[in-house]
Amino acid sequence: MHKHHSALGVAAALRPVAPVTLVRPHAAERAARFFSEKFPGRSLYAVKANPSPALLESLWAGGITHYDVASIGEVRLVRATLPEATLCFMHPVKAEEAIAEAYFEHGVRTFSLDSEEELAKIVRATQGATDLTLCVRLRVSSDHSKLSLASKFGADLSEAPALLMATRQVADALGICFHVGSQAMSPAAYAEAIARVRAAIVAAAVTVDVIDVGGGFPSCYPGMEPPPLEAYFRTIHEGFESLPVSYSAELWCEPGRALSAEYASLIVRVEKRRGDELFINDGAYGALFDAAHIAWRFPVQLLRASESRAKTMAFSFYGPTCDDMDHMVGPFELPADVQPGDYIEIGMLGAYGSAMRTGFNGFGTEATVAVDDEPMVSLYVGTNARPAAGRVVKL
Ligand SMILES: Cc1ncc(COP(=O)(O)O)c(C=O)c1O
């Protein structure tokens, strides 16, 4: 992988024709260290957010030893990249063949489920294994989150006691897991979910060995500046300590976004300007799926050797493909004199950005370059939501 000092240096030196992905291994390692040192339990990285092997290695270097995988493809990838890692297969609906391969060929011992059918599948696929950690996924509200995960998976409180009792018969260790939805903007999300966990434990009257509070830890985007992560950790710790099983259970979490968002950004080139619309060379089918489909806003900055003196104004973006829906409403705040040929850095694309890129219509990235400057915004540098040192950020 090429290395460079800064985003501006890459734009000035390479004048790239296609988009360039910038990666910041030091930012990923810093996030990993933060979670491994400050979360009051074990942190599993949710690989789906960004499965890049180089990122997995940075997280490993930062102390993340456990990985939440959701498909057999992720199991194989993480096993090949980090042979010593512990893998936890946390998708509640799996192919039986995937469970068998994960158990027999890759040493996976932890699985999640939200139905008796899935429990039966796990028992069959592992040939009645007696060394399993089985986590029952509970349905919880996504009210505090920007992206709901409340509809698809999870046992309701009415079904959970029977499922917990049935799973207890089979499991060596029994867990309860949940997901409060992605980009949870308040620690209250976890307090409320843990209250449901308490109700489920009391109703089932079983001992529980693992409480897994899932992902949902936020990153910082324009218009979405969350409280510090320490506030989330405190609320989770208090909720966990109040559970009747806290004296013997382990506490886990599964951050995806919070561990990977700051890892990557993108340099794009402006190909055309039409008023307040900029036609850029990446979009809905590239790393900007969320910007196009759910109007997610990302931090942006103009990469010019001499800083523009123009006031900023709000722009929307069009991506490079022929589809009308390749449109990102933003608003993206940039100097009013942006013109074709200018380069723009779009930040915080390490989570659910780079990972969702397609080659549709023949558009893709030119290169990946590692840089050692700071991400445009960071939850881990200085205080929460403050620009990283020395960088101008339009939030
Ligand atoms: C089971 C599970 N765990 C963890 C995550 C990661 O969530 P986030 O990126 O919001 O931290 C997801 C995301 O979909 C998930 O489905």
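**Helix packing, barrel strands and ligand shell**

Colleague: Are H6 and helix H7 (residues 160-170) roughly parallel or oblique to each other?

Modeller: In this predicted model, H6 and H7 (residues 160-170) pack with their axes 10 Å apart and at an angle of about 10°. The cut-off for this class is an angle under 35 degrees. H6 is therefore, relative to H7, roughly parallel.

Colleague: Into how many nonpolar, polar and charged residues does the contact of H6 with H7 divide?

Modeller: From H6, the residues that take part are Glu116, Leu119 and Val123, and they meet Leu163, Ala166, Thr167 and Val170 in H7. By class, the contact of H6 with H7 divides into 5 nonpolar, 1 polar and 1 charged.

Colleague: Are helix H5 (residues 96-106) and H6 oblique or roughly parallel?

Modeller: The axes of H5 (residues 96-106) and H6 (residues 116-125) come within 9 Å and cross at roughly 45°. Angles under 35 degrees would count as roughly parallel, and 65 to 115 as roughly perpendicular. The crossing falls in neither class, so the relation of H5 to H6 is oblique.

Colleague: Which residues of H5 and H6 make the contact, and how many of the contact residues are charged?

Modeller: The crossing of H5 and H6 is right-handed. H5 contributes Glu96, Ile99, Ala100 and Tyr103, while H6 contributes Lys121, Ile122, Arg124 and Ala125. The contact of H5 with H6 has 5 nonpolar residues and no polar ones, and the number of charged residues is 3.

Colleague: Are helix H8 (residues 188-204) and helix H9 (residues 229-241) roughly parallel or oblique?

Modeller: H8 (residues 188-204) and H9 (residues 229-241) have axes 8 Å apart and pack at an angle of about 15°. The class in question takes angles under 35 degrees. H8 and H9 are therefore, with respect to each other, roughly parallel.

Colleague: Which residues form the contact of H8 with H9, and how many of them are nonpolar, polar and charged?

Modeller: H8 and H9 make a right-handed crossing. Tyr190, Ala191 and Ile194 of H8 form the contact with Tyr232, Thr235, Ile236, Gly239 and Phe240 of H9. By class, the contact of H8 with H9 has 6 nonpolar, 2 polar and no charged residues.

Colleague: In what order do the 8 strands close into a barrel?

Modeller: The pairing in this barrel is parallel. Neighbouring strands of the sheet are turned by 25° against each other on average, with direction ignored. The 8 strands close in the order S3-S4-S5-S6-S7-S9-S11-S12.

Colleague: Which residue in S12 stands opposite Ser43, and which stands opposite Asp212?

Modeller: S3 (residues 42-46) and S12 (residues 250-253) pair in the parallel sense over 2 bridges. S11 (residues 210-212) is joined to S12 by 3 bridges, and these strands also run parallel. In S12, the residue opposite Ser43 is Cys253, and the residue opposite Asp212 is Trp252.

Colleague: Which residue in strand S7 stands opposite Thr110?

Modeller: S6 (residues 110-113) and S7 (residues 133-137) run parallel and are joined by 4 bridges. Opposite Thr110, in S7, stands Thr133.

Colleague: Which residues come nearest to the ligand?

Modeller: There are 17 residues around the ligand. The shell divides into 7 nonpolar, 6 polar and 4 charged residues. Those that come nearest are Ala46, Ser182, Gly215, Gly256 and Arg257.

Colleague: Is the peptide bond from Gly330 to Pro331 cis or trans?

Modeller: Pro331 lies in strand S17 (residues 327-335). For the bond from Gly330 to Pro331, omega is near 5°, and the peptide bond is cis.

Colleague: Where is Arg15 found, and what is its phi?

Modeller: Arg15 is found in the loop between helix H1 (7-14) and strand S2 (20-23). Phi of Arg15 has a positive value in a residue other than glycine, and it is near 40°.

Technical notes. Residues numbered from 1 in each chain as written. Predicted model: local features only at pLDDT ≥ 70, side-chain atom pairs only at ≥ 80, totals over all residues. Near = placed C-beta within 6 Å. Nonpolar A, V, L, I, M, F, W, Y, C, P; charged D, E, K, R; others polar. Axes fitted to C-alpha atoms, helices over the stretch in contact; angles between N-to-C directions. Parallel < 35°, antiparallel > 145°, perpendicular 65-115°, else oblique. Left-handed = near helix turned anticlockwise from the far one by under 90°. Contact = placed C-beta atoms within 7 Å. Pairing = 2+ DSSP bridges.
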